[in-house]
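Welcome to the tour! Please open the model in your viewer and keep the selection tool at hand, and we will go from stop to stop together.

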Amino acid sequence: MRDPNNRQPVRRVVICGGGTAGWMAAAGISKVLGKLLDIKLIESEEIGTVGVGEATIPTLMNFHNVLEINEQEFMAETQATFKLGISFEEWRNVKEDYIHSFGVTGTDHWTAGFQHFWRKGVERGIASDYGDYCLELKASKENRFAHLPNNGMNYAYHLDASRYAKYLRRLSEPRGVQRIEGKIVSYAKHANGDVRSVTLASGQEIEGDLFIDCTGFRALLIGDAMQEEVEDWSQWLFCDRAIAVQTTSVGDAVPLTRSMAHQAGWQWKIPLQHRVGNGIVYSSRYLDDDAARKQLLANVTGKTLIEPRVIKFQPCQRRETWKGNVVAIGLSSGFLEPIESTSIHLIQRSVIRLMQSFPSDGIHQADIDEYNAQCNREIDHIRDFIILHYHVNNRTDSQFWIDAREMSIPDSLKHRIDLFKESGRVFRIPNELFAENSWIQVMLGQGIMPKSHHQTADLMGDEELKGFLGGIKGRIDRTVVQLPTHQAYVERYCGRPDAGAKAA
C-alpha cells in the first residue's frame, strides 16, 4: 500500500514503448494534459511491433472525438476502410456462418427486447432471419456503406496499425511529446519500490514520476520491475499462437472482418485500401507451427508482402495493471486474442481511464484500486464473450472444437447462456463493452435458440406481428438498396488507394 502522506506531484510522464499502445497513450495524454506535463516516449526502431490489431470497434470514435481527429484525413493516412461487423464463418459448424454486426436489431418494447417478438414470429412462421432486422448487418452482406444522417449507421474501421502509430505521432509531437530513440536495457527503483528511472543502451538515464509500460509482451516494468504476475486463462482459451502476413488486394474491400474457423482455431482477413491483413490464430496443442503456416498461405489471395512470422502469446491478464507508479497499457497488461477486435479498444479504455483519474497531485492507492477494479470488470466480461464463441459449437470434425464444447466455463458466462437458452433474456452490466444485441447475435449465431419468449409478444395477433416485423425489414431494405458500394464510397470519401500497392 502507498503512503497516503506521499503527495509528490506527477509532472514527468515517461511512456516506455511506441507502437499503437504507446502513441495512443501519448496522443491522448498530450491532447488533454500536455500543457501541464513533461511527456517523453521512448521507442527503438530495432524492436518490432506485433502490428496485428488492424480491426477496430465503434468505441474508437470516442477516442478520436477527444483528439479532434478529422476522419477523412485519418482514413487517408492509415489507408483505412469502414467496418460494419465480423463475419464468423464455420464457428457454429462446418458450412454454417453468421455475422456479428454493429448497431441495433429491430425495435424493443419496454417490457421485452426485440428478440422475443422475433422468436414469436419464428414460431408462427412469419419471421425471417434475425439479421434481416439490422441495418448494419444487411448493408455488410450487400457490401454497401455510407454515412447516414443522425448517426444512422454504426461503424468502425480497418486500419494499417503501423501507419496509425505514425499518424498519432504526428499529432502528439506538436503537443509537446518528446520522442527518444533507444532501447531500454535497465531500470532503477526508489526505496518504496516505485520506478525512478530507465536506462537506454546508449547509457542515457531518463527519470520520471509516472511510467507507462507499453513494452508489449516484454512487460519490462509491470512484469519485471513491479513483479506483477498474470492470471492464466488458457483453461478456457486454447489458442496460444498467431501467424500474420500481408497480401496485395485482388478485389474490392468489403466492410466486414472475416473470421474463418479451422480445425484448431481461426483465420482473419482484414481488407484495407492498399493491402489485406491476414493471419491465423491456433493452439499449439492441436496444430504445429509449420502446418499452421502452410494452412494460412493456402488460404490467402494476392501476393504476400512480408514473410509470415509466428507470434507466441498467453491468454492472460494482470490483475493490477496500475501498480506503484507504473501503468501497463496494451500487451504488457495481458492478452486476449483479437476475435472481437478488442485490442485497440482496451488500449483506448486504459488511456481514457488514466486521464480521468490522472494523479496530478500525487499517486494515491485509492485511485490505483479503482482503476484496477474497473479494468478487471471490463476484461472479465470481454473474456466471457470470447469464450462463448468457442464453447457453444456443434463441430465434431476436430478434437479442438470438441474439447472447447466440453470444457467447464466461468459461472458468469454459464449464467448468461442458461438465461438466454431458457427465456431469451439478456442483460448488460453497467459499463460493459458488449451490449445486449451483441450477445444475442453471437448466441443465436452459435446455435442457441431460446426455448421461450416474453409473454408480451403473445399479445400481438398474426397480422399485427407480421406488420411489425415487416415494417422494420422493409425500412432496412429500402435504405440498403440506396447505399453505394463500400469500395466506391471509400474511394470518393478519402481518395483512391495507392495504385502501386494494389497493382503489385
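Colour the chain by pLDDT to begin: this is a predicted model, and its average pLDDT is 93, with 95% of the residues scoring at least 70. Now select residues 496-504, where pLDDT stays under 50. For this stretch the model has 17 contacts beyond four places in sequence.

**Stop one: a group of annotated positions**

Select Gly18, Gly19, Thr20, Ala21, Leu331 and Ile344 together; an unreviewed UniProt entry gives them the feature "binding site". How far apart are they in space, given that they spread over 327 residues of sequence? They cluster, with a largest C-alpha distance of 13.8 Å.

Zoom in on two of the group. Gly19 belongs to helix α1, residues 19-33, and it counts as buried because its relative accessibility is 11%, which falls under the 20% cut-off. Ile344 sits in helix α9, residues 343-356, and is buried too, with a relative accessible area of 4%.

**Stop two: Lys83**

Next, pick Lys83, which the unreviewed UniProt entry also annotates as "binding site". You will find Lys83 in strand β3, which covers residues 81-83. Is this lysine buried or exposed? Lys83 has 0% relative accessibility, so it counts as buried. Show its surroundings, leaving aside neighbours within four places in sequence: the contacts of Lys83 include Ala55 and Thr56, the aromatic residues Phe102, Tyr155 and Tyr157, and also His158 and Ser341. Ala156, Pro255 and Thr257 are in contact with Lys83 as well.

**Stop three: Glu340**

Move on to Glu340, another position with the annotation "binding site" in the unreviewed UniProt entry. Glu340 is in the loop that runs between β21 (334-335) and α9. Its relative accessible area is 1%, so Glu340 is buried. Which residues does Glu340 touch, not counting those up to four places away in sequence? They are Ile57, Ile86, Phe88, His100, Phe385, His389, Phe434 and Val442.

**Stop four: the second largest pocket**

Switch on a pocket display and look for the second largest pocket, with a volume of about 830 Å³. Its lining has 35 residues; to find the centre, select Thr59, His345, Arg428, Glu432 and Leu433, the closest to it. Then colour the elements that each give two or more residues to the lining: α2 (60-67), β5 (96-101), α9, α10 (365-391) and α13 (436-445). Which of the elements gives the largest share? The answer is α10, with seven residues. If you colour the lining by class, you will see 11 nonpolar, 15 polar and nine charged residues.

**Stop five: helix α11**

Select helix α11, residues 399-406, and show the side chains of Phe400, Trp401, Ile402 and Ala404, which are buried. What do the buried residues of α11 pack against? Their partners are the strands β4 (85-93), β14 (257-262) and β15 (265-271), together with α10.

**Last stop: Gln8**

Finally, go to the segment before β1 (12-16) and select Gln8. At 53% relative accessibility, Gln8 counts as exposed, because the cut-off for this is over 50%. Add Ile363 to the selection: the two are 355 residues apart in sequence, but their C-alpha atoms are 7.4 Å apart in space. Beyond its neighbours within four places in sequence, Gln8 is in contact with Asp361, Gly362 and Ile363.

Terms used: Residues are numbered from 1 along each chain as its sequence is written. This is a predicted model: local features need pLDDT of at least 70, side-chain atom pairs count only at pLDDT 80 or more; totals for chains, interfaces and linings use all residues. Side-chain values use heavy atoms; hydrogens and water are left out. UniProt positions are given in the numbering used here, feature names are shortened, and annotations may be inferred rather than shown by experiment. Helices (H or I, at least four residues) and strands (E, at least two) are DSSP runs, numbered from the N terminus. Buried means under 20% relative accessible area, exposed over 50%, partly exposed in between (1.4 Å probe, protein chains only). Contact means heavy atoms within 4.5 Å. pLDDT is the predictor's confidence in each residue, from 0 to 100. On a 1 Å grid over the protein atoms alone, a cavity is a set of points where a 1.4 Å probe fits but cannot get out, and a pocket is an open set with protein on both sides within 12 Å along at least five of seven lines; lining residues have an atom within 4 Å of a point. Grid points are joined across faces, edges and corners, and a volume is the space filled by probe spheres set on the points. Ala, Val, Leu, Ile, Met, Phe, Trp, Tyr, Cys and Pro count as nonpolar, Asp, Glu, Lys and Arg as charged, and the others, Gly among them, as polar.
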